[in-house]
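Welcome! Here are a few exercises to help you find your way around a new structure. Take a look, try each task yourself, and then read the worked solution.

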Amino acid sequence: MDYKKITMEDYPRKDHFAYFSKLAYPYMGTTAEVDITEWLAVVRSQRLPFFHSFLYAVSNAANCVPQLRQRISDGGIIEYEQCLSSYTVALPDETYCYCTLDTSRPFSGFPAYAECEQQKAIVNANISDGEDGLSLFFISTLPWIHYSALVQPVPYPADSNPRITWGKYAAKDDRVFLPVSILCHHALVDGLHLHHFYEQLNAQLASMTELSIRFL
């Protein structure tokens, strides 16, 4: 994947980067409930796959925030032009493998492409991040639980890939909400950038809803 190197002399967060890079646990994140009411209605009416449709929205939202495309490499920062999404796929023996998808393509052909790639992943049963693991968003879901907080496993030494997870949706006062969690390396990402991610996610869901309604 194409990327550029960020010059630290011109980087406004260079002091923050230096500070948080030294911490034993340098991550920060949050869980927020996202209103998916209208989006879910369209997904149901068009019989679209819930998981792959939401993954499409989440991945494109994350790609809209430059800080979420940044990674720590050789003590410096690189910024990818576009990040792929690596997600967990359940296997019959209750373990899982990884599947990597490109969400830059139009949504009209995305569900079929995603299903094809997922079937390949199941056959290969791969748990490797691939050749360029830095370029990935790590994505998973807990579809059995409507949770309010989530603790993620992280490696040591720390990596800098954002982790995005969502749970089971639930109805509240005629609206439908989905818990969505994001965990990022604090040397690269602040609370404001998490806010921008959720803003972009809401925009992606609205755009997908509007586009799909046109073809009903």
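**Exercise 1.** Which residue stands opposite Ile139 in strand 8? Then work out how strand 7 fits among its neighbours.

*Solution.* Keep in mind that you are looking at a predicted model.
- Step 1: The residue across from Ile139 is Ile164, in strand 8.
- Step 2: Strand 7 and strand 8 run parallel and are joined by 4 bridges.
- Step 3: Now turn to strand 5 (residues 84-90), which also pairs with strand 7 in the parallel sense, over 4 bridges. Here Ser86 has Phe138 of strand 7 as its bridge partner.
- Step 4: Strand 7 has 6 residues, and 5 of them are buried, so the strand is largely enclosed by the rest of the structure.

**Exercise 2.** Find Gln152 and decide: is this residue buried or exposed?

*Solution.*
- Step 1: Look in the loop that lies between strand 7 (136-141) and strand 8 (163-166).
- Step 2: The relative accessibility of Gln152 is 17%. Buried means under 20%, so Gln152 counts as buried.
- Step 3: Setting aside neighbours within four places in sequence, Gln152 is in contact with Arg163, Thr165 and Leu183. With Thr165 there is a polar contact between the two side chains, at 2.8 Å.

**Exercise 3.** Describe the open sheet formed by 3 strands, and say which strands stand at its edges.

*Solution.*
- Step 1: The strand order is 1-4-3, with antiparallel pairing.
- Step 2: Strand 1 (3-6) and strand 3 (70-73) each have a single partner strand, so one side of each is left without a neighbour in the sheet; these are the edges.
- Step 3: On average, neighbouring strands of this sheet are turned by 35° against each other, direction ignored.
- Step 4: Between strand 3 and strand 4 (residues 76-80) there are 4 bridges, and Ser73 stands opposite Gly76 of strand 4.

**Exercise 4.** How do helix 3 and helix 4 cross, and what does helix 3 give to the largest nonpolar core?

*Solution.*
- Step 1: The axes of helix 3 and helix 4 (residues 110-124) come within 10 Å and cross at roughly 110°, which means that the two are roughly perpendicular.
- Step 2: On the helix 3 side, the contact is made by His52, Leu55 and Tyr56; helix 4 brings Phe110, Ala114, Glu115 and Gln118.
- Step 3: The largest nonpolar core has 53 residues, and those touching the most other members include Phe54, Trp166 and Leu201. Helix 3 (residues 50-63) supplies the largest share of this core, 8 residues.
- Step 4: Not counting residues up to four places away in sequence, Leu201 touches several residues, among them Phe54, Ala57 and Val180.

Methods
Residues are numbered from 1 along each chain as its sequence is written. This is a predicted model: local features need pLDDT of at least 70, side-chain atom pairs count only at pLDDT 80 or more; totals for chains, interfaces and linings use all residues. Side-chain values use heavy atoms; hydrogens and water are left out. Buried means under 20% relative accessible area, exposed over 50%, partly exposed in between (1.4 Å probe, protein chains only). A polar contact is a pair of N or O atoms within 3.5 Å; within protein, one must be able to donate a hydrogen and the other to accept it, and residues adjacent in sequence count only if both atoms are side-chain atoms. Contact means heavy atoms within 4.5 Å. A nonpolar core is a set of buried Ala, Val, Leu, Ile, Met, Phe, Trp, Tyr and Cys residues joined through side-chain atoms within 4.5 Å. Two strands pair if DSSP finds at least two bridges between them. Axes are lines fitted to C-alpha atoms, for helices over the stretch in contact, and angles run from 0 to 180 degrees between N-to-C directions. Angles under 35 degrees count as roughly parallel, over 145 as roughly antiparallel, 65 to 115 as roughly perpendicular and the rest as oblique.
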